[in-house]
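Colleague: I am new to this model and would like a close look at how its strands are paired, with enough of the surroundings to place what I see. Could you take me through that part slowly, and tell me where caution is needed?

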Amino acid sequence: MKKIVFLILMTQLAFANTPPPDFAKYLEAFDCDACGCSASGGGMGFSSMIDRNFVGLRYFNQSYSSRDGIFNNSPWVDENFNTIQAWARIPVAKNLQVSALVPYHFHNRERATGEQSINGLGDIMVLGLYTVYQTKNDSVALRHVLQLGGGVKAPTGKYDTANNGSVNPSFQVGTGSWDYLLAAEYVMTHKKLGLNTMLNYIFKTENNEQYQFGNQFNYAATLFYMAEMENLIIVPQAGIAGELYAANKQYGEELPNTKGEILFGKLGVEAGLWKFSVGLNGMLPINQNLTGGKVEANYRWAMNLNYSL
């Protein structure tokens, strides 16, 4: 599975207070997450496909089951990772768009010793994407957009070393480290049908506690269809999303059972009316091997509400 290079971006539509524009204008608006403290974007997407300018709120829920101990007969515990994220996208120059994501996490799990909960501001991320190629002739049937860019994630979320003793070391609200990201997105459309592909790679550095989360590669691909009805646009979508994690390190040494990989199937729908858009999507694992089989992803789902500026 490590050779898979499919890519994804969640399709998110919004609309201005005018009749629906043609499909080419949506192409121009395209921009390019994975558990716990790292739920900032990635497989879930870094920006809305609505408009060049927007502000909004997005909610993630991620469900995991983890071994509460290091032994094969250790009991399983349920873990719930929740994130409310404020996000925005602003064009700062010709062909250059900047996205900002500010997450607030509230996670909980039920252990043999009782329920454990953590909450707080997560790591803030800023991402810039530059349009390196775009079909110039709007009259052609097959259209293309390619964007490349990068970003940085600041250690604004709290990192607690005590939680590293658990099987799932991602039970945090922050990594405590400065991390850096490279991203690419390619969109191809034919009339009302489109394919959106995305990949990004996150370089993670060592934090002040000499702990380093493993680098992460996200990839995805989404098929979507734009149905226009008066002032309303509805976009059903289906696709795949995958994540690969390198091993975590402490004091420069790799930690066992901390790397992994997972492939999701995804279904969703987006709707845009005037200046507002809403979206809902769900993800179920197709194949996974996380932390040596001691952590299992159950499902993910997300919803968003955006306002076009």
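Modeller: What follows begins with the chain as a whole, goes on to the paired strands, and ends with some residues at the surface.

This is a predicted model, in which local features need pLDDT of at least 70 and side-chain atom pairs count only at pLDDT 80 or more, while totals for chains, interfaces and linings use all residues. Residues are numbered from 1 along each chain as its sequence is written, and side-chain values use heavy atoms, with hydrogens and water left out.

The protein chain has 1 helix and 17 strands, where helices (H or I, at least four residues) and strands (E, at least two) are DSSP runs numbered from the N terminus. Of its 309 residues, 51% are buried, a term for a relative accessible area under 20%, with exposed meaning over 50% and partly exposed in between (1.4 Å probe, protein chains only). Its accessible surface is about 13500 Å², and 61% of that belongs to carbon and sulfur atoms; such areas come from the Shrake-Rupley method with a 1.4 Å probe, and for residues only the protein chains shown count as cover.

As for confidence, the mean pLDDT of the protein chain is 82, with 81% of its residues at 70 or more, pLDDT being the predictor's confidence in each residue, from 0 to 100. Confidence is lowest in helix H1 (residues 23-28), with a mean of 39, and highest in S14, at 95. Over residues 1-35 the pLDDT stays under 50, although the model has 178 contacts beyond four places in sequence for them, a contact being heavy atoms within 4.5 Å. Where pLDDT is low, the predicted coordinates should not be read in detail.

Now to the pairing itself. Strands of a sheet pair through backbone hydrogen bonds, either parallel or antiparallel, and here two strands are said to pair if DSSP finds at least two bridges between them. Strand S12 (residues 232-245) is joined antiparallel to strand S10 (residues 216-225) by 9 bridges, and one place to find this pairing is Asn218, which stands opposite Glu243 in S12. Strand S11 (residues 227-229) also pairs with S12 in the antiparallel sense, over 3 bridges, with Ala227 opposite Ile234. S11 and S12 make a hairpin with 2 residues between them, and Glu230 in the turn has a positive phi of about 55 degrees. S12 further runs antiparallel to strand S15 (residues 260-273), to which 14 bridges join it; there the bridge partner of Val235 is Glu270.

Another run of pairings is found earlier in the numbering, where strand S6 (residues 142-153) pairs antiparallel with strand S5 (residues 125-134) over 9 bridges, Val126 standing opposite Val152. S6 is also joined by 12 bridges to strand S7 (residues 179-190), again antiparallel, and Val145 has Val187 of S7 as its bridge partner.

An open sheet of 3 strands can be followed from edge to edge, since its order is S9-S13-S14 with antiparallel pairing. S9 (211-212) and S14 (253-254) are the edge strands, and because each has a single partner strand, one side of each is left without a neighbour in the sheet. Between S13 (residues 249-250) and S14 there are 2 bridges, and Lys249 stands opposite Glu254.

Turning to single residues, Leu284 lies in strand S16 (residues 276-290) and is exposed, at a relative accessible area of 56%. Although Leu284 and Tyr299 are 15 residues apart in sequence, their C-alpha atoms are 4.9 Å apart. Beyond its neighbours within four places in sequence, Leu284 is in contact with residues including Leu263, Phe264 and Asn298.

Finally, Val55, Phe276, Val278, Leu305, Tyr307 and Leu309 form a nonpolar patch on the surface, with about 530 Å² of accessible area together. Patches are made of residues with over 30% relative accessible area and no salt bridge, like charges being joined within 9 Å and nonpolar side chains (Val, Leu, Ile, Met, Phe, Trp, Tyr) within 5 Å; a salt bridge is a side-chain nitrogen of Lys or Arg within 4 Å of a carboxyl oxygen of Asp or Glu. S16 and strand S17 (295-308) each supply at least two residues of the nonpolar patch. Tyr307 is placed in S17 and counts as partly exposed, at 32% relative accessibility.
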